[in-house]
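Me: I would like to learn how to read a protein model, feature by feature. Where do we start?

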Amino acid sequence: MTNTQAPALVDSHCHLPLLGAERDTADYLADAAAVGVGHVLCVAVDLETCPGVIDVARRFPNVYASVGIHPNGETDVRDTSVDELCGIAADPNVVAIGETGLDYYHQKGDSSLQHTRFRLQIQAAREIGKPLIIHTRDAAADTLRLMKEEGADRIGGVMHCFVEDWPTADAALDLGFYISFSGIVTFKNAHALQEVAKRVPLERLLVETDAPWLAPVPRRGKPNVPAYVRHTAEFLAALRGEDFETLAAATTRNFFTLFRGAGG
């Protein structure tokens, strides 16, 4: 990674409280800034992690929060209501609802609870006027169907850590959503995903780490950190035949366009 004087990138999705206690959050953010990553979106996975991500966003002006319930949460995860979630999301440091969505890869069988939670969080996003962060894995058709049924296009958002095919990306783009790529796109066997990444319009593209998971090449297999989003951005720029500076500026502009509460 090449050092840069002015932060130009945003890690649009990570889980700072899950990075471990070996180092302070401030150290991870300093490492990110040193390679040009100036802002971070910290995402909750259930109600119990919401206070932690909000606290990080309150302590660091370049960190923003998103609150919601991940689809992989089983029945032991406490459910919420539209009113409660909107109350949590009313904090000015919260810029989005999520991550939410559907995941049939990790959770087999009855998906009714996932559907209920997903619908509720779309409703909350529309109620409070903050965009959605959507996770989908092996559930593209149902994810898109529920998005349409609940009017997700009226509020918008991002398909985070995208791993689906082009028809899914195209349908999400038609609903006004952005597409975000994680370190998975750098993997040697991710040929199909790389073809999708070439086709996403630059003005609808985001980059992320999903740290502490999914570290990109050449850090694959190690714990992921926000600084590593630069590897993914550099890979995408080369893949798409674009200057790194152009892609960095565009993805940063896209982030602040989508997450309006983040300022800029």
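Reply: What follows goes through burial, helix faces, a pocket and some backbone angles. The model is predicted, so local features need pLDDT of at least 70 and side-chain atom pairs count only at pLDDT 80 or more, while totals for chains, interfaces and linings use all residues. Residues are numbered from 1 along each chain as its sequence is written, and side-chain values use heavy atoms, with hydrogens and water left out.

Me: Where does T209 lie?

Reply: Helices (H or I, at least four residues) and strands (E, at least two) are DSSP runs, numbered from the N terminus. T209 sits in the loop between β8 (205-207) and α8 (229-240).

Me: Is T209 buried or exposed?

Reply: Buried means under 20% relative accessible area, exposed over 50%, and partly exposed in between (1.4 Å probe, protein chains only). T209 counts as buried because its relative accessibility is 1%.

Me: What is T209 in contact with, beyond its neighbours within four places in sequence?

Reply: Contact means heavy atoms within 4.5 Å. The partners of T209 outside that stretch include D11, H13, S182, N224 and Y228. In addition, the T209 side chain reaches the backbone nitrogen of A211 at 3.0 Å.

Me: Which side chain does the side chain of E99 make a polar contact with?

Reply: A polar contact is a pair of N or O atoms within 3.5 Å; within protein, one must be able to donate a hydrogen and the other to accept it, and residues adjacent in sequence count only if both atoms are side-chain atoms. For E99 the partner is the side chain of H15, at 3.5 Å. E99 belongs to strand β4 and is buried, with a relative accessible area of 2%. Between E99 and H70 there are 5.4 Å in space, C-alpha to C-alpha, and they are 29 residues apart in sequence.

Me: What does A21 look like beside that: buried or exposed?

Reply: A21 has a relative accessible area of 78%, so it is exposed. Its place is the loop between β1 (9-14) and α1 (25-34). The C-alpha atoms of A21 and A249 are separated by 32 Å, with their positions 228 residues apart along the chain.

Me: Which residues are buried in helix α3?

Reply: In α3 (residues 82-89) the buried ones are L85, C86 and A89. They are on the same side of α3 because they cover an arc of only 100° around the axis. The arc is that of the directions from the helix axis to the C-beta atoms. Among the elements that cover these buried residues are β3 (63-67), β4 (94-103) and α4 (112-128).

Me: Which residues are buried in helix α7, and which exposed ones are on the face turned away?

Reply: L193, Q194, V196 and A197 are buried in α7 (residues 191-199). Their arc covers only 155° around the axis, which puts them on the same side of α7. The face turned away from that buried side carries the exposed residues H191, A192 and R199. On the buried side, the packing is against α6 (166-174), β7 (177-181) and α8.

Me: How much space lies in the largest pocket?

Reply: Rolling a probe the size of a water molecule over the atoms shows where empty space is left. On a 1 Å grid over the protein atoms alone, a pocket is an open set of points where a 1.4 Å probe fits, with protein on both sides within 12 Å along at least five of seven lines; lining residues have an atom within 4 Å of a point. The largest pocket holds about 350 Å³ of space. It is lined by 17 residues, and the closest to its centre are H135, R137, C161, D210 and L214. β5 (132-137) gives the most to the lining, with three residues.

Me: Which residue other than glycine has a positive phi of about 65°?

Reply: Most residues other than glycine have a negative phi, and most peptide bonds are trans. L214 has the positive phi of about 65°, and D138 has a phi near 55°. L214 counts as partly exposed at 29% relative accessibility, as does D138 at 46%.

Me: Which peptide bonds are cis?

Reply: The bond from A211 to P212 is cis, with omega near 15°. The bond from V217 to P218 is cis too, with omega near 15°. P212 is in the loop between β8 and α8, and P218 is in that loop as well.

Technical notes: Points joined across faces, edges and corners; volume = space filled by probe spheres on them.
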